[in-house]
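Subject: Structure handover

Hello,

Here is the structure for you to take over. My notes on it follow below the model.

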Amino acid sequence: MGYDAYRNQTSVKVGSQNLVTYDYKTGGNRLKSMTYANGAVQNLTYDRFGNVIGEKWTNGTTTEAHYLYFYDDKCDKHSARIICTSNF
């Protein structure tokens, strides 16, 4: 396992093979994306409170799935909406 200067996990390996790598936003406090060994990438977007409001899965140049999340006034996750999917 690899870690950055903020002590965030940056990778998971088996031997020399990366299973997943993690990329963080500037400042190291929020996960921006995860890239898996099979080429799949999960990108995350956040609101101003730090809640995940979007999740986009791609494989190469193809968008596999795109989710939007909505929160109530207590910042509890209220619902999720699937925007598009393919190959799932």
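Arg7 sits in the loop that runs between strand S1 (2–3) and strand S2 (9–14). Please keep in mind that this is a predicted model. Although not a glycine, Arg7 has a positive phi, near 70°. Its relative accessibility is 74%, so Arg7 counts as exposed. The loop belongs to the hairpin of S1 and S2, with 5 residues between the strands. S1 and S2 run antiparallel and are joined by 2 bridges, with Tyr3 standing opposite Gln9 in S2.

Overall layout

The protein has 8 strands and 0 helices, giving the pattern β-β-β-β-β-β-β-β along the sequence. It has 88 residues, of which 25% are buried. If contacts between residues at least 6 apart in sequence are taken, 2% of them join residues at least 24 apart.

The hairpins after S1–S2

S2 pairs with S3 in the antiparallel sense, over 4 bridges. Val12 stands opposite Val20 in S3. The hairpin formed by S2 and S3 has 2 residues between the strands, and Gly15 in its turn has a positive phi of about 65°.

S4 and S5 also run antiparallel, joined by 3 bridges. In this pairing Ser33 is opposite Asn43 in S5. There are 3 residues between the two strands of this hairpin, where Gly39 takes a positive phi near 95°.

S5 is joined to S6 by 7 bridges, again antiparallel. Here Gln42 is opposite Trp57 in S6. The S5–S6 hairpin has 5 residues between its strands, and in the turn Gly50 has a positive phi of about 90°.

S5 and the nonpolar core

Is S5 enclosed or open to the outside? Of its 7 residues, 5 are buried, so S5 is largely enclosed by the rest of the structure.

The largest nonpolar core consists of 6 residues, namely Val20, Tyr24, Leu31, Met34, Leu44 and Tyr46. Strand S3 (17–24), S4 and strand S5 (40–46) are the elements that each give two or more residues to this core. For Met34, the contacts beyond four places in sequence are with Val20, Thr21, Tyr22, Ala40, Val41 and Gln42. Another core residue, Tyr46, has Arg30 over the face of its ring, at 5.5 Å from the ring centre.

The aromatic pair

How many aromatic pairs are there? The count comes to 1. The pair is Tyr36 and Trp57, whose ring centres are 5.9 Å apart; their planes are at 15°, under the 30 degrees that counts as stacked, so the pair is stacked. It links distant parts of the chain, since Tyr36 is in strand S4 (residues 31–36) and Trp57 is in strand S6 (residues 52–59), with their positions 21 residues apart in sequence numbering. Tyr36 has a relative accessibility of 28%, so it counts as partly exposed.Trp57 has further contacts in the model. Leaving out residues up to four places away in sequence, Trp57 touches Tyr36, Val41, Gln42, Thr62, Thr63, Glu64, Ala65 and Tyr67. Between Trp57 and Leu44, which are 13 residues apart in sequence, the C-alpha to C-alpha distance is 9.1 Å.

The salt bridge

The count of salt bridges comes to 1. Asp23 forms a salt bridge with Lys32, and their closest N and O atoms are 3.3 Å apart. Are the two partners buried or exposed? Asp23 has a relative accessible area of 35% and is therefore partly exposed. Lys32 is partly exposed as well, at 34% relative accessibility.

One point for reading the strands: in a regular strand the side chains alternate between the two faces of the sheet.

Regards

How values were computed: Residues are numbered from 1 along each chain as its sequence is written. This is a predicted model: local features need pLDDT of at least 70, side-chain atom pairs count only at pLDDT 80 or more; totals for chains, interfaces and linings use all residues. Side-chain values use heavy atoms; hydrogens and water are left out. Buried means under 20% relative accessible area, exposed over 50%, partly exposed in between (1.4 Å probe, protein chains only). Rings of Phe, Tyr and Trp (its six-membered ring) pair if their centres lie within 6.5 Å; planes under 30 degrees apart count as stacked, over 60 as edge-to-face and the rest as tilted. A charge sits over a ring if NZ of Lys or CZ of Arg is within 6 Å of the ring centre and within 35 degrees of the ring normal. A nonpolar core is a set of buried Ala, Val, Leu, Ile, Met, Phe, Trp, Tyr and Cys residues joined through side-chain atoms within 4.5 Å. Contact means heavy atoms within 4.5 Å. Two strands pair if DSSP finds at least two bridges between them. A salt bridge is a side-chain nitrogen of Lys or Arg within 4 Å of a carboxyl oxygen of Asp or Glu.
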